[in-house]
Amino acid sequence: MSERVLANVTGVAIDGRALLIEGAPGLGKSSLALALIDRGAVLIGDDAIELVQQGGTLIAAPPPNTIGLIEVPNVGLVELPTTRASVALILQLDADAPRFPMDVPTREMADMSVPVLPFAPGDATQALRAEYALAKHGLPFPSEAQAATRLAQ
């Protein structure tokens with residue numbers, strides 16, 4: 001098992017898959033995460049994510065130094081329940097994201113190719129768009145065989 005921490009990345013789990021949100025400070029990573037949590041997602045971490053490689057799966061976990069804390073803009077730090085989940089998609093907040101992505105690039109992370117979708121921040125349907133992005137472009141759940149192998153380790 002190997003571990004590393006990604007800074008400036010917020011993560012939530014939607015139906016057991018990790019959606020990582022990255023972007024410059026002030027672009028709305030925490031706000032998007034809060035909107036997704038309001039729709040049923042569970043916080044993994046805010047502004048930092050610990051990546052743990054287990055078997056053939058990359059797991060996003062809460063960072064040890066800020067576990068359960070999320071910044072609520074204009075309110076402060078709030079404590080929420082957290083979870084861990086297999087990494088499925090990275091949303092890269094970018095005001096110039098293409099409206100119709102033709103190809104979704106990938107990033108190599110711990111010997112895995114993870115889809116990275118440029119994603120326009122800040123409109124009223126951002127959380128709904130993020131859920132559709134995960135459904136369309138995210139990695140599938142690890143296979144049952146992979147899950148059984150992971151549990152046996």
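Q: Rings of Phe, Tyr and Trp count as a pair if their centres lie within 6.5 Å. How many aromatic pairs does a search of the whole structure find?

A: This is a predicted model, and the search of it finds zero aromatic pairs. A ring can also face a charge. The charged end of Arg129 sits over the ring of Phe119, at 4.3 Å from the ring's centre.

Q: Next, strands. How do I read the two faces of a strand?

A: In a regular strand the side chains alternate between the two faces of the sheet. Now take strand β7, residues 69–72. Ile70 and Val72 make up its covered face. Leu69 and Glu71 make up the uncovered one.

Q: Which faces of β2 are covered?

A: Both are covered. Val9, Gly11 and Ala13 lie on one side, and Thr10, Val12 and Ile14 on the other. Six of the six residues in β2 are buried.

Q: Which strands pair with β2?

A: β3 is one partner: the two strands run antiparallel and six bridges join them. Strand β4, residues 42–45, is another: it pairs with β2 in the antiparallel sense over three bridges. Follow Gly11 to see both pairings. In β3, Gly11 stands opposite Leu20. In β4, the bridge partner of Gly11 is Gly45.

Q: What links β2 to β3?

A: The two strands form a hairpin, with two residues between them. Asp15 is in that turn.

Q: What is there to notice about the phi of Asp15?

A: Start with the general idea. Most residues other than glycine have a negative phi. Asp15 is not a glycine, yet its phi is positive, near 50 degrees. Asp15 lies in the loop between β2 (9–14) and β3 (17–22).

Q: Is Asp15 buried or exposed?

A: Its relative accessible area is 67%, and exposed means over 50%, so Asp15 is exposed.

Q: Where does Asp111 lie?

A: Asp111 is in the loop between β10 (106–109) and β11 (112–119). Its phi is positive too, about 65 degrees, although Asp111 is not a glycine. At 75% relative accessibility, Asp111 counts as exposed.

Q: Which residue in the hairpin of β7 and β8 takes a positive phi?

A: Asn74 does, with a phi near 70 degrees. That hairpin has three residues between its strands. β7 pairs with strand β8, residues 76–79, in the antiparallel sense over four bridges. Ile70 stands opposite Val78 in β8.

Q: On to helices. How do I check the span of α2?

A: Use 1.5 Å a residue. Helix α2 covers residues 126–137, which is twelve residues, so its expected span is 16 Å. The end C-alpha atoms are 16 Å apart, which agrees.

Q: Which residues of α2 are buried?

A: They are Gln126, Ala127, Ala130, Ala133 and Leu134. These residues cover an arc of only 115 degrees around the axis, which puts them on the same side of α2. The face turned away from that buried side carries the exposed residues Tyr132, Ala135 and Lys136.

Q: What do the buried residues of α2 pack against?

A: They pack against β2, β3, α1, β9 (85–93) and β11.

Q: Now a single residue. Is Leu32 buried or exposed?

A: Find it first: Leu32 is in helix α1, residues 29–38. Its relative accessibility is 0%, so Leu32 counts as buried. Set aside residues up to four places away in sequence, and Leu32 touches Ile21, Leu91, Leu93, Phe119, Gln126, Ala127 and Ala130. Take one of these, Ile21. Leu32 and Ile21 are eleven residues apart in sequence, and their C-alpha atoms are 8.3 Å apart in space.

Q: What does Leu6 contact?

A: Leu6 is in strand β1, residues 2–7. At 16% relative accessibility, Leu6 counts as buried, because buried means under 20%. Leaving aside neighbours within four places in sequence, Leu6 is in contact with Leu20, Asp47, Ala48, Ile49, Leu51 and Met109.

Q: How far is Leu6 from Asn74?

A: Along the chain they are 68 residues apart. In space, 25 Å separates their C-alpha atoms.

Methods
Residues are numbered from 1 along each chain as its sequence is written. This is a predicted model: local features need pLDDT of at least 70, side-chain atom pairs count only at pLDDT 80 or more; totals for chains, interfaces and linings use all residues. Side-chain values use heavy atoms; hydrogens and water are left out. Rings of Phe, Tyr and Trp (its six-membered ring) pair if their centres lie within 6.5 Å; planes under 30 degrees apart count as stacked, over 60 as edge-to-face and the rest as tilted. A charge sits over a ring if NZ of Lys or CZ of Arg is within 6 Å of the ring centre and within 35 degrees of the ring normal. Buried means under 20% relative accessible area, exposed over 50%, partly exposed in between (1.4 Å probe, protein chains only). Two strands pair if DSSP finds at least two bridges between them. Contact means heavy atoms within 4.5 Å. The expected span of a helix is 1.5 Å times one less than its number of residues. The arc is that of the directions from the helix axis to the C-beta atoms.
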